[in-house]
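Please open the structure in your viewer and keep the selection tool at hand, since this tour moves from one stop to the next. At each stop you will be told what to select and what to look for.

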Amino acid sequence: MFANVHIIMLSEVIDDMSATNINVRVDSALKQEAEALFNDLGLNMSSAITMFLRCAVNHDGIPFEIKRPPYNAQTRAALNEYEEMKRNPDKYKRYDSFDEMMGEVFDDA
């Protein structure tokens with residue numbers, strides 16, 4: 001489920017105020033969680049997003065680090081095993097076909 005977030009951005013101009021609408025499509029649960037958080041902080045969605053945009057402009061980029069989530073231990077072990085297999089392919093059994101490999105799997109089961 002997605003929810004539309006409608007935000008009116010106020011731009012400070014010396015002689016007048018101008019407003020711009022931004023429509024953002026987000027997951028409904030994320031919207032509800034964000035609204036609850038911002039409410040606790042005394043903000044509404046528009047104010048929070050305006051703060052983010054101002055920070056981004058002042059920072060000249062995204063105002064926080066963006067990176068992939070760290071891999072869990074099982075995934076790291078699998079990736080290390082894969083790298084080891086690439087470095088030393090002769091240490092690992094190879095199959096001529098998928099059926100041959102599956103035959104061994106079922107024989108061992």
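Begin by selecting Lys93 and Glu104, whose side chains meet in a salt bridge, with 2.7 Å from N to O. Because Lys93 lies in the loop between H3 and helix H4 (98–108) while Glu104 lies in helix H4 itself, the pair ties together parts that are eleven residues apart in sequence. Bear in mind as you look that this is a predicted model. If you turn on the surface, you will be looking at Lys93 as an exposed residue, at 56% relative accessibility, and at Glu104 as a partly exposed one, at 26%. Side chains of opposite charge can pair when their charged atoms come close.

How many salt bridges does a search of the whole structure find? The search finds five, and for another of them you can select Glu84 and Lys91, where the closest N and O atoms are 3.9 Å apart. Lys91 counts as exposed, at 62% relative accessibility, whereas Glu84, at 22%, counts as partly exposed. Now add Arg87 to the selection, and you will have a network of salt bridges that links Glu84, Arg87 and Lys91.

Next, go to helix H1 (residues 28–40) and select Lys31 and Glu35, which are separated by about one helical turn because they are four residues apart in that helix. These two residues also form a salt bridge, in which the closest N and O atoms are 3.6 Å apart, and Glu35 is partly exposed, with a relative accessible area of 35%.

Then select helix H3 (73–87), which has 15 residues and reaches 21 Å from its first C-alpha to its last, close to the 21 Å expected at 1.5 Å a residue. At the N-terminal end of H3, select Asn72, which caps the helix with a side-chain oxygen that lies 3.2 Å from the backbone nitrogen of Gln74.

For the last stop, select Ile22, Val24, Phe52, Leu53, Ile62, Phe64 and Ile66, which form a nonpolar patch on the surface and together have about 570 Å² of accessible area. Strand E2 (17–27) and helix H2 (45–59) are the elements that give two or more residues to this patch.

Within the patch, which residues form an aromatic pair? Phe52 and Phe64 do, in a tilted arrangement with 6.1 Å from centre to centre and 40 degrees between the planes. Phe52 is in helix H2 and Phe64 in the loop between H2 and H3, twelve residues apart, and the pair links these distant parts of the chain.

Conventions. Residues numbered from 1 in each chain as written. Predicted model: local features only at pLDDT ≥ 70, side-chain atom pairs only at ≥ 80, totals over all residues. Heavy atoms only, no water. Patch = residues over 30% accessible without salt bridge, like charges linked within 9 Å, V, L, I, M, F, W, Y side chains within 5 Å. Areas by Shrake-Rupley, 256 points an atom, 1.4 Å probe, with all protein chains shown as cover. Salt bridge = Lys/Arg side-chain N within 4 Å of Asp/Glu carboxyl O. Expected span 1.5 Å × (residues − 1). Polar contact = N/O pair within 3.5 Å; in protein donor to acceptor, adjacent residues only side chain to side chain. Phe/Tyr/Trp six-rings, centres within 6.5 Å; stacked < 30°, edge-to-face > 60°. Buried < 20%, exposed > 50% of the residue type's maximum accessible area, 1.4 Å probe, protein only.
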